[in-house]
Amino acid sequence: MTNSFKENDNNATDDDSESSYRSSQFGFSDNSDEAENEMSEDEVLNEPSGSKTEEEDDEEDEVVKAIKAEKTKPRDHPPAIICEDFIVDISLHPAKNLIAIANIVGDVLLYEYNNDETKLVNSLELHLKACRDVEFDDEGTTLFSTAKDKVIMATDVETGKLKRCYEDAHEEPVYRLITLDKDKIVTGDDGGTVKLWDMRKPEPVFSINIGDEHVSDMITNDAQKYLVCAAGDGILTTIDLKGSKIYTTSEEYDAELTCMGLFRSDTKLLVAASTGKLYLFNWKEFGLHSDEYVGQKHAIQCMVPITQNIVVTSGEDGILRAAHMFPQRQLGVVGQHRLPVERLDISHDGQYIASCSHDNDVKFWNISYFESIESIIDVSQKHNKRKDLSNNLPSSSLKNASDFFSGLV
């Protein structure tokens, strides 16, 4: 498994143990040179010194020009949220400027956000043990949460009152939860069991075991016929939701499959691994990937699709990287944290990405420029690594653009 805090959520409930965990697992220290040199997220990347040759001027394409134009504009994004307790998961509301933050002590915090401030509007003490996952439903009226206490809760977002509670929902702690339509959710636990729930019924619709390792991520498309499950054993298992049975299993990969995203009108499935690799599958063809990308040398823990072609990934090194997938082309750094990133999500209007890290913080990154940049990307043009060294994305605070490529294989 990757260095996800979910494996250690019952062993780091105070400041001393949390600091020890970070130092031992990731080699970071609060007094390290990296901490002293932490960069402000509002800093704008300066181009390397020295005059450019005529050849370099000729090589600047429209994408580079668009990125540079965006850098001259003020960055508009909400301020960071700093929490007292370790943040396990985040979820952005599907219609409002509202974010849910689940933490290690079992609470879920609701914050309103805008470009000027972030404001705590509710603190829900829901679970007795560390939260594992939190998700809004499609309408944003219900907040689902689960934790190491094996409890699944449905809470009314407006009133904060409990709508449904399943105690001992799984034999093992629930690791992942996703919402479907019509009051349905799916949960996967540490022991490889997946359950489909209908909030109108007291028992699960079905329970299927897909392996012995934790279910790291699950995804479905609009049709909601197939549920694809990534697991710690490196196998992709697809469940037929209508037939309540396993549809297919993939070949076994050499590392944990950590997160997934849908692209190209849900026809392409992108799967990340703890080795930093990315595997591309055609929808319904889940037995073997159709393409493979060497992403980076650090574990990829989370991803979020930005457009039909662009993905942002992050993980162990704390850097949010953007890539165009069809064909594959690295675009640059969206943002960064000092410590590993646990989760990414995108706002309802597509203007922001939110990211949470092992530093107990949530940061927002303005990504509205992607819409204009993608429209002028020439996918037939050969990727020029040297040129991109001086053109990271506008939301990035990296002082040295070459740091982006230091994490790539």
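**Figure 1. The largest pocket of this predicted model has a volume of about 1,300 Å³.** The model shown here, and in the views that follow, is a predicted one. A good place to start is the middle of the pocket: of its 39 lining residues, Glu135, Ile219, Pro305, Asp345 and Ile346 are the closest to the centre. To find your way around the wall, look for the elements that each give two or more residues to the lining: β2 (87-92), β6 (131-136), β10 (174-179), β14, β18 (257-263), β22 (300-305) and β26 (341-346).

**Figure 2. The lining of the largest pocket, by element and by class.** Which element gives the most to this lining? It is β18, with 6 residues. Sorted by class, the lining has 18 nonpolar residues, 12 polar ones and 9 charged ones.

**Figure 3. Thr220 sits in the loop between β14 (215-219) and β15 (226-231).** Is Thr220 buried or exposed? Its relative accessible area is 14%, and Thr220 counts as buried because the cut-off is under 20%. A polar atom of the Thr220 side chain lies 2.7 Å from the backbone oxygen of Tyr226. Tyr226 also appears among the residues in contact with Thr220 once neighbours within four places in sequence are left aside. The others in that list are Leu180, Lys225, Leu227, Leu241, Leu262 and Trp283.

**Figure 4. Tyr113 and Phe364 form one of the aromatic pairs in a structure that holds 10 of them.** This pair is tilted, with 5.0 Å from centre to centre and 35 degrees between the planes. It links distant parts of the chain: Tyr113 belongs to strand β4 (residues 107-113) and Phe364 to strand β28 (residues 361-366), 251 residues apart. Both partners are hidden from the surface by the measure used here: Tyr113 is buried at a relative accessible area of 4%, and Phe364 is buried at 1%.

**Figure 5. Tyr166 and Trp197 make a tilted aromatic pair.** Their rings are 4.5 Å apart, centre to centre, and the angle between the planes is 45 degrees. Where in the chain do Tyr166 and Trp197 lie? Tyr166 is in strand β9 (residues 162-166) and Trp197 in strand β12 (residues 193-198), so look for two distant parts of the chain, 31 residues apart. Tyr166 and Trp197 are both buried.

**Figure 6. Tyr113, Tyr352 and Phe364 form a cluster through ring pairs.** Here you meet Tyr113 and Phe364 again, the tilted pair at 5.0 Å centre to centre, now joined by Tyr352 in the cluster.

Technical notes: Residues numbered from 1 in each chain as written. Predicted model: local features only at pLDDT ≥ 70, side-chain atom pairs only at ≥ 80, totals over all residues. Heavy atoms only, no water. Helix = DSSP H or I, 4+ residues; strand = E, 2+ residues; numbered from the N terminus. Buried < 20%, exposed > 50% of the residue type's maximum accessible area, 1.4 Å probe, protein only. Polar contact = N/O pair within 3.5 Å; in protein donor to acceptor, adjacent residues only side chain to side chain. Contact = heavy atoms within 4.5 Å. 1 Å grid on protein atoms, 1.4 Å probe; cavity = no way out; pocket = protein on both sides within 12 Å on 5 of 7 lines; lining within 4 Å. Points joined across faces, edges and corners; volume = space filled by probe spheres on them. Nonpolar A, V, L, I, M, F, W, Y, C, P; charged D, E, K, R; others polar. Phe/Tyr/Trp six-rings, centres within 6.5 Å; stacked < 30°, edge-to-face > 60°.
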